[in-house]
There are 2 protein chains.
Amino acid sequence: MKFEKKYLRYKEVVDDYLQGFIVEKKPHSIYRPIRYVLAGGGKRIRPVLVMLSCEAVGGHWKDALHAAAGIEILHNFTLVHDDIMDNAASRRGRATIHTKWDPNVAILVGDELLACAYRALLKTRSSRIQDIAKIFTEGVVEVCEGQGYDKEFETSLDVTVQDYLLMIRKKTGKMVTVATEIGALIGGGTPGEFRALSNYGRHVGRAFQLQDDLLDIVADEKEFGKTVGGDIVEGKKTFLLLEALRRARGKDRQLLLSIFRKKGAAKENVDEVRRVYHRTGAIQATLRRVKQDIARAKNELEKLRPTPARAMLFWFTEMLLHRTY
Amino acid sequence: MKFEKKYLRYKEVVDDYLQGFIVEKKPHSIYRPIRYVLAGGGKRIRPVLVMLSCEAVGGHWKDALHAAAGIEILHNFTLVHDDIMDNAASRRGRATIHTKWDPNVAILVGDELLACAYRALLKTRSSRIQDIAKIFTEGVVEVCEGQGYDKEFETSLDVTVQDYLLMIRKKTGKMVTVATEIGALIGGGTPGEFRALSNYGRHVGRAFQLQDDLLDIVADEKEFGKTVGGDIVEGKKTFLLLEALRRARGKDRQLLLSIFRKKGAAKENVDEVRRVYHRTGAIQATLRRVKQDIARAKNELEKLRPTPARAMLFWFTEMLLHRTY
């Protein structure tokens, strides 16, 4: 309970920072959409991880606030541009920028968000600022590479489980690692603490993404907030699909291949595909991987000094695992 | 002559850096277009200004090479994204990225270029690296704001000469200032030298853009490499159009207003508009401003110690003024 309260407090601090970051400014064609994006909410997982990582090595969370906000703004930049490329009409229940305005506005707003992300980050006071900015930048590079792979996979017919793992490591995992690494540097962590938090971030980042794939299949539709089975209908090459394909034989394999090749399935087929996922053991295998990653993540936390921040990181890790949304 | 040789040498060093910067890498969907962009040539004015500014305050140009390349990569990022927004099919005689590939690729390639720009910049060894990265970032913010104004002006009916000057200061001028300022910091310039080079950049940047507007009207078509009068046909709200509109009366004013309001003119009308530009004194006024800016730029150079680099900056300033391409 006290952890949840602290999490909501940190989340609020980040929300307030983002609200104050963009004041009424011209040109309106950029700053109105930017305020709209930054007011869009979200779980603020990455910035909270920056702050907790900083605390876990002995720093004060306030010292990490600029960087935390920078990472959240960066995350929002990727959402705005990905939504254009994915032709997504809405996000978190609100119209996307290129839908509410137009694609040109969304391109420019994304660019400006990326610049604003650096602006926030570079307010950080730290003797390690150059390393921090380098880590942040490698994060941006990998996020772009991950999105590049993701788009390539849409039309590729020989995507493997390994390809998928590489893609999510870059597209979603890397920014979690960047968050914990930067937090560790700002907090003045030792090389050992830095490594532990870096590894922690890598495992948590992957678990989080695989969990996301699972939730598309097993989540409660009302709580999840988006249509369950959406990945199947879209024909997304998720870990589940690729793992099930690797395992399936006969008729099951034919069904999965048709989704794989024809880019998707009819809504009526979702239940059948879900049964194949169960039957082939793909769901169990994914769950096993998530649990393994969570165990490894916790193992890394064990290497840190026992502090309230570390205890909170344990809780945070569990929360991410048990979310049903 | 020795200056031209030195300029070509520096340009080659930058070209080589950019060629070596992106090796064969995956995903191909990003890195192939990136190599295509960076091999696209150009005058490399901004990076050469970084190197010369560094030298002019006593530094070695090699110390500024990473930052110089960073600014050139950043410039190329803006071109790739602007070309999408402007629906431009070609640049420097080659197909643009969104034409040769597609808009999604161009968005992602631009994003990755921006990250690569920071990657190059952050290799710089300087005790002032945080200030350097901040200046660079404010440059990105202003370039986006400038592009935002530029797009707003396309459909706005009350754009003034002052609005236009604000727009070009942000969209094209700022990056020239960023180049000279960063060069001055890397070279270890005094606050006075930094100010002089910053002011120099501001004046040169504006002169360069106004000169560009003029060249659209008076340049030799073969040397210029693009259709003369293109701005008039497109109905671009250039300094010339806005200044002529401010001055014109009667029939001349009606002609300009029709271009202004209806977004452009027929190719047959270009000569008539050019005559109005002459008749109203708009061309002379623009030329006067260019000369005034060049004089002010040189005046700032006078404040620096007399070095070969300063002499070369004088030459460089003249070269920019007298180019017919």
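Let us start with a working rule: two residues are in contact if their C-beta atoms, placed from the backbone, lie within 7 Å. The helices named below are DSSP runs of H or I with at least four residues, numbered from the N terminus. The model is predicted, so local features need pLDDT of at least 70 and side-chain atom pairs count only at pLDDT 80 or more, while totals for chains, interfaces and linings use all residues. Residues are numbered from 1 along each chain as its sequence is written, and chains are lettered from A and ligands numbered from 1 in the order in which they are written.

Now to the pair of chains. A turn of 180 degrees with a shift of 0.0 Å along the axis lays chain A on chain B with an RMSD of 0.0 Å (a least-squares superposition on the C-alpha atoms of residues with pLDDT of at least 70 in both). That is the relation of a two-fold axis.

Where do the chains touch? In chain A, 30 residues are in contact with 30 residues of chain B. Helices H2 (28-38), H4 (65-85), H6 (103-121) and H7 (129-155) of chain A each supply at least two residues of the side that touches chain B, and H7(A) gives the most, with 14 residues. By class, this side of chain A has 16 nonpolar, seven polar and seven charged residues; Ala, Val, Leu, Ile, Met, Phe, Trp, Tyr, Cys and Pro count as nonpolar, Asp, Glu, Lys and Arg as charged, and the others, Gly among them, as polar. Because 100% of the interface residues of chain A are also interface residues in chain B, the copies meet through the same surface.

Let us move into chain B and look at helix H14 (residues 270-279). Its buried residues are Val273(B), Val276(B) and Tyr277(B), where buried means 20 or more other C-beta atoms within 10 Å of a residue's own, exposed 12 or fewer, and partly exposed in between, with C-beta atoms placed from the backbone. Seen down the axis of H14(B), these buried residues fall within an arc of 100 degrees, so they line one face of the helix; the arc is that of the directions from the helix axis to the C-beta atoms. On the other side of H14(B), Asp271(B) and Arg275(B) are exposed. The cover over the buried residues of H14(B) includes H9 (191-218), H11 (230-234), H12 (239-247), H13 (250-262) and H15 of chain B.
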